[in-house]
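Here is a small set of exercises to work through with the model open beside you. Try each task before reading the solution.

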Amino acid sequence: MKKIGLVGGISWVSTIDYYKLINEGVNKKLGGLQFAECLIYSLNFGDIQEKTWQDSYELLLNACLSLKKSGVDGLVLCANTAHLYADQLEKEVGLPLIHIGTETAKAITQKNITTIGLLGTSFTMEMDFYKDRLKSFGLNVLIPEKQETRDYIQYVLKEELGRGIINPDSKQNYLKIANELISQGAEGIILGCTEIPMLIDQSDFSVPVFDTTKIHSEAIVDFILS
């Protein structure tokens, strides 16, 4: 079994989901009292917010290097937005990094979907690092058109879900936003922030929904047992 290093705390709420899903996944395949051998470097999300994601490379790098010194065989960034630096970190640290965008794109293409709606932080929706990864698999990516809509998604992620707060009104608004993307041609929806599944999930939709936390965790289990 390979030892995995998780860069978490971004946010701590979804890091709990990673820890649970990874251990459950390993146990499902091995049975008994077999669980994942893993290390978690939990960053202070406040430090990320203070520096902003654009200036947080050194924080992520130090976390990855600390995990490498502890003997892990591979790395995981427990946040979609953190993958802004995924390729750079993998190259500089010298360990395989399981990319959430790559694994999500694989899951989408297996459903023969070509046009996908993306919900996530404003960085994930607006910058190219995530959309380009999806497009490299031949996917057409739709995001909410209005800036105020993207800002609202970001607000809920930061001020509510990132603190573990579940607001029913926010759920209804998220559903409305997702359904607008579906009406524009999206054949499925990516829950492209690891906190979004706290608010909406597959049971809320008739089209396929791609929970990036679950997809990523399944890929991590496969790596651990490879």
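**Exercise 1. An unusual peptide bond**

Where is the place of Ser11? Find it, then check the peptide bond that leads into it.

*Solution.* Keep in mind that this is a predicted model. Start with the location: Ser11 sits in the loop between E1 and H1. Now look at the bond itself. Ile10 and Ser11 are joined by a cis peptide bond, with omega at about 10 degrees. That deserves a second look, because most peptide bonds are trans.

**Exercise 2. Positive phi without glycine**

Which loops hold Thr52 and Asn112? Work out the phi and the exposure of each.

*Solution.* Take Thr52 to begin with. It belongs to the loop between helix H2 (45-51) and helix H3 (57-69). Thr52 is not a glycine, yet its phi is positive, about 75 degrees. With 31% relative accessibility, Thr52 is partly exposed.

Next comes Asn112, in the loop between helix H5 (100-109) and strand E4 (115-119). Asn112 isn't a glycine either, and its phi is positive at about 60 degrees. To classify its exposure, use the cut-off: exposed means over 50% relative accessible area. Asn112 has 65%, so it counts as exposed.

**Exercise 3. Two domains and what they share**

How many residues of domain 1 are in contact with domain 2? Set out the domains, then see how the largest nonpolar core relates to them.

*Solution.* Begin with the bounds: the domain assignment gives domain 1 (4-99 + 214-225) and domain 2 (101-212). Their centres, taken over C-alpha atoms, are 21 Å apart. At the contact between them, 22 residues of domain 1 meet 25 residues of domain 2.

Now go inside. The largest nonpolar core has 53 residues, and Ile4, Leu119 and Ile200 touch the most other members. Helix H10 (residues 212-224) gives this core its largest share, 6 residues. Both domain 1 (4-99 + 214-225) and domain 2 (101-212) supply at least three residues each to this core.

Zoom in on Ile200. Leaving out residues up to four places away in sequence, Ile200 touches Leu119, Lys171, Tyr174, Leu175, Leu191 and Phe205. Apart from the largest core there is another one, of 24 residues, including Leu43, Leu75, Ala86 and Leu89.

**Exercise 4. A covered helix**

Which residues of H5 are buried? List them, then say what covers them.

*Solution.* Count through the helix: 8 of the 10 residues of H5 are buried, so H5 is mostly covered. The buried ones are Ile100, Gly101, Thr102, Glu103, Thr104, Ala105, Ala107 and Ile108. Then look outward from them. The cover includes H1, E4, helix H7 (128-135), strand E6 (189-191), strand E7 (209-211) and H10.

**Exercise 5. Three salt bridges compared**

How many salt bridges does the structure hold? Pick out the ones made by Lys20, Glu37 and Glu126, and place each along the chain.

*Solution.* The total is 8. Here are the three, one at a time.

- Lys20 and Glu24: their closest N and O atoms are 2.9 Å apart. Both are in helix H1, and they are about one helical turn apart because 4 residues separate them. Residues three or four places apart in an α-helix point the same way, so the spacing makes sense. Lys20 is partly exposed at 47%, and Glu24 is partly exposed at 40%.
- Glu37 and Lys3: these side chains form a salt bridge of 3.8 Å, N to O. The pair links distant parts of the chain, 34 residues apart, with Glu37 in the loop between helix H1 (12-30) and strand E2 (38-42) and Lys3 in the segment before strand E1 (4-8). Glu37 is partly exposed, at 42%.
- Glu126 and Arg150: the N to O distance in this salt bridge is 2.8 Å. Glu126 is in helix H6 (residues 122-126) and Arg150 in helix H8 (residues 147-159), so the bridge ties together parts 24 residues apart in sequence. Glu126 is partly exposed at 33%, whereas Arg150 is buried at 11%.

**Exercise 6. A nonpolar spot on the surface**

Which residues form a nonpolar patch on the surface?

*Solution.* The patch is made of Met1, Leu30 and Leu225, and together they have about 250 Å² of accessible area. To place one of them, go to the segment before E1, where Met1 is found. Met1 is partly exposed, at 47% relative accessibility.

Terms used:
Residues numbered from 1 in each chain as written. Predicted model: local features only at pLDDT ≥ 70, side-chain atom pairs only at ≥ 80, totals over all residues. Heavy atoms only, no water. Core = buried A, V, L, I, M, F, W, Y, C linked by side-chain atoms within 4.5 Å. Buried < 20%, exposed > 50% of the residue type's maximum accessible area, 1.4 Å probe, protein only. Helix = DSSP H or I, 4+ residues; strand = E, 2+ residues; numbered from the N terminus. Domains from an automatic or database assignment. Contact = heavy atoms within 4.5 Å. Salt bridge = Lys/Arg side-chain N within 4 Å of Asp/Glu carboxyl O. Patch = residues over 30% accessible without salt bridge, like charges linked within 9 Å, V, L, I, M, F, W, Y side chains within 5 Å. Areas by Shrake-Rupley, 256 points an atom, 1.4 Å probe, with all protein chains shown as cover.
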